[in-house]
Amino acid sequence: MNLENTKELIINMGPQHPATHGVLRLVLEVEGEVIKRCIPYIGYLHRGVEKLSEDLTYVQSLPLTDRLDYLSSMVNNVGFCIAVEKLMGIEVPLRAKFIRTILSEMARICSHLVWIATHALDIGAMTVFLYAMRDREKLLELFEMVTGARLTVSYPRVGGVRCDINEEFINELSDFINKFPERVEEYETLIDKNRVWLKRTKGVGVITAEEAINWGLTGPTLRGSGVYYDVRKFFPYDAYDMVDFEVPIGKNGDIYDRYKCRMLEFRQSARIIKQCIEKLPEGAILAEESPKIRMPSSPLKIDKNDIQFEIYVEDRNIEDFIKKFTDVYASVEAPRGELGFYIVCDDSAKPYRMRVRAPSFVHAGVLPKLCEGALIADVIANIGSIDIVLGECDR
Amino acid sequence: MDTLYLIAVTIIKTAIYFGLLMLHVAYATYAERKVIGHIQLRLGPMVVGPHGILQPIADIIKLIFKEDIIPSAVDRRIFTIAPLISLTAALSTFAVIPVSEGWVISDINVGILYVLGIAGIGIYGIIFAGWSSNSKYAFLGGLRSAAQMISYEVALAMSLVGVILMAESFNLTEIVNKQAQYPMGMFLLPQIIGYFVFVVAMLAETNRVPFDLPEAETELVAGYFVEYSGIRFSLFYLAEYLAMFCMSALATICFWGGWTVPPFLVEIFPFIGIIPGVVWFLLKVYFHMFLFFWLRGTLPRYRYDQLMSIGWKVLIPLALINIVITSIIKYYS
């Protein structure tokens, strides 16, 4: 047999593949089932969010951030608002801070539920998917109750939140949160004590602590490797310094540890929400000095030709805030990692440049390292374990 | 004249058997969707007929009338033959499987060997499908299934050696009759290791969860039949469900005492003695089918190398130990 003419089989996995979580494309060079080379291609979901925001005022950019990580839009909104608040020096009222924290943690639970659902589905456990969707549905209903939207909430405002939460919402949320730890245990009995699951995840896709830091990983992907870093603890924002919670960390940095970290985060999120509900103060929900949009008195009165002139920011006074060319960086702990907004502004009401530090983008870079030398089935497990959302990755 | 009579009877028997078998396969898909639906907090099919009872009929009609797409890059001849090989092999196994005393199309004296041999031919269909599709995913699926089925066939056959030793026969009817003298009228207890190996191997042999690697949808999209559509696609499904029924029937006959009733049950409730054997046989088969569905709703999927190591390092040694133990006991008793 002539072996000189053999070569590796090149497999194109994605962008239309059931397990690449959106439109990630991986080009795999395989020898049998073993991956020799793995090249991720991104950009299939590029919508130019960063460039678009240069043409919109600080207030108008908010809905764009919904579309970054569409599984936890609330956290993106908060991140953007915090950056702009830092820029303008606006102090957010206490009640708004607590409301933001509650909804951010709800978004984190939602996002992690989708993660456990799809991750388990990728490894072949189909039932977990539907169990997780059941709980997510309840949370989405709660989101709808407050914000009117299920996924793209656009709920916070620069300087606070859009509308107040009511008693009914708090009651339903408490009900859910009290039951939630049991539900998490239900998922764990389905997969955590399962030999097949342990065999697929333990010792697979190992990232050491040093490598994790060098690659710039954040969030549960970093903590799974045993590095203690969480934006909520190190650079507290909103009400995170007023509540008590722990940051779970792993040890071995394999898929199982990353899985375990996220499962423990479920419980911490529930704990944070519980405390926030107890401590929720009365008061205003929007700061006095927050920039406001002047709306026409009735939508019927808008002349279609003028529409772009009618809705504009009434914040000529922004120029008072921004005396000179300045920049600001603020970050929040998104479900996937550190989500940062870097805004450079000039003397107009629009950012000169807005850069989003997306955790998914950074995490996608580590895929070749994880996949090379592994088997095809591990590629799928690895993609699931670093939990990337391509909307955020491509922006 | 006798030969003609024999042929006529065989054809009629085959036709009835075939019809009932197809009905079972159609409703196995329905049962699977219902069982998994309820495991997953859903209802399963509910629209066509009361509780979706006519869903399989609707599915069959849809699949038959779908456009038959053959991609231009495939090897046309092998591509069209492949599903037929799988289906024919799966159907042929039922020629020797008795459903009750004497209710069998052909009562040959090497029944077990025949079933194992013919079931092995089904692999050709899968390999051909994977190879002729000219698609990398199908190719990988085909290779995986070739390796998987060949290695698990060894374990499957070895797990049955213990049964053959105890029954002193390859004939399936003989095996059932022999079980009457054992506790509960089954080989289940004396052959518990063999049964365990058989159940694991039968899951792998029929490409079911947790060994559904050839068609792992999140890795290989659909595996070896990714390029197939319409009726050809459904032929593969038909073959898979037939193989499941075949394995369930084999488990029932070899380990669960076939159509016989456990004697202790008859002692407690004498009236159940009048229930015909075929009912018991079907109940036992349905239990094994439920096992397939149940596992699919519960377990994740093994990785390729883990699957291989389970087959060669766990199941085959276990089956060999079982053979040795059975032989020793057989020799001294």
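A residue is counted as exposed if 12 or fewer other C-beta atoms lie within 10 Å of its own, as buried if 20 or more do, and as partly exposed in between. In the predicted model described here, B:Leu41 has 11 C-beta neighbours inside 10 Å and therefore counts as exposed. B:Leu41 is part of the loop that links H1 and H2 of chain B. Its phi angle is near 65 degrees, a positive value in a residue other than glycine.

The same loop, between helix H1 (2–39) and helix H2 (55–65) of chain B, also holds B:Gln40. For B:Gln40 the count is 18 other C-beta atoms within 10 Å, so this residue is partly exposed. When residues up to four places away in sequence are not counted, B:Gln40 touches B:Gly297 in its own chain, and A:Thr127 and A:Leu130 in chain A. A further relation within chain B links B:Gln40 to B:Leu299: the two residues are 259 residues apart along the chain, and their C-alpha atoms are separated by 13 Å.

A positive phi is also found at B:Asn207, where the angle is near 60 degrees in a residue other than glycine. B:Asn207 is placed in the loop between helix H7 (192–205) and helix H8 (217–220) of chain B. Its 24 C-beta neighbours inside 10 Å are the reason why B:Asn207 counts as buried, whereas B:Leu41 is exposed.

Chain B is assigned two domains, domain 1 (1–64) and domain 2 (66–332). Their C-alpha centres lie 19 Å apart. The contact between them draws on 18 residues of domain 1 and 16 residues of domain 2. On the domain 1 side, H1 and H2 of chain B each supply at least two residues, and H1(B) gives the most, with 14 residues. By class, this side of domain 1 divides into 10 nonpolar, 5 polar and 3 charged residues.

The largest nonpolar core has 199 residues. The residues with the most contacts inside this core are B:Ala201, B:Leu242 and B:Cys246. Leaving out residues up to four places away in sequence, B:Ala201 touches B:Tyr152, B:Ala155, B:Leu156, B:Ser159 and B:Leu315.

Chain A contains 17 helices and 10 strands. Of its 395 residues, 50% count as buried. Among contacts in chain A between residues at least 6 apart in sequence, 71% join residues at least 24 apart.

One example of a pair distant in sequence is A:Pro368 with A:Pro40, which are 328 residues apart along the chain and have C-alpha atoms separated by 7.2 Å. A:Pro368 belongs to helix H15 (residues 367–371) of chain A. Apart from neighbours within four places in sequence, A:Pro368 is in contact with A:Cys38, A:Ile39 and A:Pro40. Since 15 other C-beta atoms lie within 10 Å, A:Pro368 is partly exposed.

Helix packing in chain A was examined for helix H4 (residues 94–123) and helix H16 (residues 376–386), whose axes are 9 Å apart and meet at an angle of about 170 degrees. Angles over 145 degrees count as roughly antiparallel, and H4(A) and H16(A) are therefore roughly antiparallel to each other. In this packing, A:Thr118, A:His119, A:Asp122 and A:Ile123 of H4(A) meet A:Ile380, A:Ala381, A:Gly384 and A:Ser385 of H16(A). The contact comprises 3 nonpolar, 4 polar and 1 charged residues.

Between the chains, 27 residues of chain A are in contact with 21 residues of chain B. On the chain A side, at least two residues each are supplied by strand E1 (9–13), H4, helix H5 (126–147), helix H7 (195–201) and H16. The largest share comes from H5(A), with 5 residues. The side of chain A that touches chain B divides into 18 nonpolar, 4 polar and 5 charged residues. H4 and H16 of chain A, which pack against each other, are thus both among the elements that supply this side.

Terms used. Residues are numbered from 1 along each chain as its sequence is written. Chains are lettered from A and ligands numbered from 1 in the order in which they are written. This is a predicted model: local features need pLDDT of at least 70, side-chain atom pairs count only at pLDDT 80 or more; totals for chains, interfaces and linings use all residues. Axes are lines fitted to C-alpha atoms, for helices over the stretch in contact, and angles run from 0 to 180 degrees between N-to-C directions. Helices (H or I, at least four residues) and strands (E, at least two) are DSSP runs, numbered from the N terminus. Angles under 35 degrees count as roughly parallel, over 145 as roughly antiparallel, 65 to 115 as roughly perpendicular and the rest as oblique. Two residues are in contact if their C-beta atoms, placed from the backbone, lie within 7 Å. Ala, Val, Leu, Ile, Met, Phe, Trp, Tyr, Cys and Pro count as nonpolar, Asp, Glu, Lys and Arg as charged, and the others, Gly among them, as polar. A nonpolar core is a set of buried Ala, Val, Leu, Ile, Met, Phe, Trp, Tyr and Cys residues joined through C-beta atoms within 7 Å. Domain bounds come from an automatic or database domain assignment.
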